[in-house]
Each structure stands twice: as C-alpha cells, then as structure tokens.
Amino acid sequence: TRTVAVRWTRPEDGVAGSPQSWACPCGVVVGLPARRAHLRNDCVSYYDSFDGAARRWLARRPVAQGGPVLERVANAAKCNIGQALCSLAICSRNEAAAARKFDAEDYRDEMELAAEAIDAEDLLDRWRRGSELRRARA
C-alpha cells in the first residue's frame, strides 16, 4: 500500500464552534497551542505521510544524483536540507515548485514541522551512508 502526503488542515481552519481548537485529520482535536506538539510527537498519520514520501524520494535516487537537487532547492528556498527533502517529497519531485512554495510563510512553517517530525536530518544521514532507510518511530 502506498502512503501519500495529504493536505493537513491549518490552524486557521479551526473547528466549528471552537476557534481555539484544531481538528487533526487523524481524528484528534487539540487546542491551537498544542497543534505543533501533536503533529511532531503524537500523530502517526502525519509522521507516516511525510516519512513515507521522504523515504521514497531518497530511495529512488543515489546520493550523487539527489544530493545536488536537495542543495539547489535548499539554496533557492533559503531553507535547510531536511525541509527541502520534505518539500520535494510532496511536490512530485518538481524542483522549481518545491522551492517556490517556500515563498508562503505557512508552507515554510509546515516543512519545518514535517522535517522535525520525521527527523529528516537522521534520514538524510542514513541515505548518505547507504544505511537502511526504514526505521521504527521512537
């Protein structure tokens, strides 16, 4: 079965009747201040979505091919490599789109959160070393 990154609701989407609450697609309703913590630490669906997409992106290309792509997107978007990876993983591998989307501050925030949630730096280190990309979620 294939896991695909989905559009996660934003805090401004709110929950009917409770503007200070946010409904995660996984079914949990949390207060807005707890949204990032929920996605970063508790939401298996969010983790699986981005982790699966990022692992597939890395698995489909050797370091010599993918490394320069990640660098170009990170430099163009003025973001780190982990954030560039998350963006490339959900942008159908389109470099220009992956970089351009960082112009939107909410997208930049989301890629920062996604990279943190999946520990993109560790995933990239494994890829560079040629280690197994699959890992258990802590």
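**Exercise 1. An aromatic residue and its partner**

Does Tyr107 count as buried or exposed, and at what relative accessibility? Work from the predicted model shown above, and then classify the ring pair that Phe102 and Tyr107 form.

*Solution.* Begin with the accessibility of Tyr107, which is 13%. Buried means under 20% relative accessible area, so Tyr107 counts as buried at its 13%. Phe102, at 1% relative accessibility, counts as buried as well.

Next, turn to the geometry of the rings. A pair of aromatic rings is described by the distance of the centres and the angle of the planes. A search of the whole structure finds three aromatic pairs, and one of these, Tyr46 with Phe50, has its centres 5.2 Å apart and its planes at 55 degrees, which makes it tilted. Tyr46 and Phe50 both belong to helix 2, where they stand four residues apart, about one turn of the helix, and both are buried. For Phe102 and Tyr107 the centres are 5.4 Å apart and the planes meet at 85 degrees, so this pair is edge-to-face.

**Exercise 2. The fold and the length of helix 2**

Give the order of strands and helices along the protein chain, and test whether the span of helix 2 agrees with its number of residues.

*Solution.* The protein chain contains seven helices and two strands, and reading along the sequence gives the pattern β-β-α-α-α-α-α-α-α. Of its 138 residues, 42% count as buried. Among the contacts with a separation of 6 or more, 55% join residues 24 or more positions apart.

For helix 2, take 1.5 Å a residue: its 16 residues should then span 22 Å, and because the end C-alpha atoms are 21 Å apart, the expected and computed spans agree.

**Exercise 3. The largest nonpolar core**

Identify which members of the largest nonpolar core touch the most other members, and state which helix gives the largest share.

*Solution.* The core has 40 residues, and those that touch the most other members are Tyr46, Trp57, Leu58, Leu70, Leu85 and Ile118. Two or more residues come from each of helix 2 (44–59), helix 3 (63–77), helix 4 (81–90), helix 5 (95–100), helix 6 (105–117) and helix 7 (120–129). The largest share, seven residues, is that of helix 2.

The burial of helix 2 can then be examined residue by residue: its buried residues include Tyr46, Phe50, Trp57 and Leu58, together with Asp51 and Arg55. The buried residues of this helix pack against helix 1, helix 3, helix 4, helix 6 and helix 7. Leu58 illustrates such packing, since, with neighbours within four places in sequence left aside, Leu58 is in contact with Leu85, Leu123, Leu124, Trp127 and Leu133. Trp57 has a further partner, for Arg61 lies over the face of its ring, at 4.1 Å from the ring centre.

**Exercise 4. How covered is helix 4?**

Determine how many of the residues of helix 4 are buried, and name the helices that contribute to their cover.

*Solution.* Nine of the ten residues of helix 4 are buried, and the helix is thus mostly covered. Among the buried residues are Ile81, Ala84, Leu85 and Cys86, as well as Gln83 and Ser87. Their cover includes helix 2, helix 3, helix 5, helix 6 and helix 7.

**Exercise 5. Three buried residues compared with their surroundings**

For Ala74, Ala99 and His38, establish the helix, and then list the contacts beyond four places in sequence.

*Solution.* Ala74 lies in helix 3 and counts as buried at 4% relative accessibility. Outside its neighbours within four places in sequence, Ala74 is in contact with Cys79, Asn80, Ile81 and Ala84. Ala74 and Ala98 are 24 residues apart in sequence, while their C-alpha atoms are 9.3 Å apart in space.

Ala99 lies in helix 5, and its relative accessibility of 10% makes it count as buried. Its contacts, with neighbours within four places again left aside, are Val73, Ala76 and Ala77. Between Ala99 and Cys79 there are 9.0 Å in space, C-alpha to C-alpha, and the two are 20 residues apart in sequence.

His38 is found in helix 1 (residues 35–42) and is buried, with a relative accessible area of 5%. Not counting residues up to four places away in sequence, His38 touches Trp22, Cys24, Cys26, Val28, Val30 and Cys43.

Note on methods: Residues are numbered from 1 along each chain as its sequence is written. This is a predicted model: local features need pLDDT of at least 70, side-chain atom pairs count only at pLDDT 80 or more; totals for chains, interfaces and linings use all residues. Side-chain values use heavy atoms; hydrogens and water are left out. A nonpolar core is a set of buried Ala, Val, Leu, Ile, Met, Phe, Trp, Tyr and Cys residues joined through side-chain atoms within 4.5 Å. Buried means under 20% relative accessible area, exposed over 50%, partly exposed in between (1.4 Å probe, protein chains only). Contact means heavy atoms within 4.5 Å. Rings of Phe, Tyr and Trp (its six-membered ring) pair if their centres lie within 6.5 Å; planes under 30 degrees apart count as stacked, over 60 as edge-to-face and the rest as tilted. A charge sits over a ring if NZ of Lys or CZ of Arg is within 6 Å of the ring centre and within 35 degrees of the ring normal. The expected span of a helix is 1.5 Å times one less than its number of residues.
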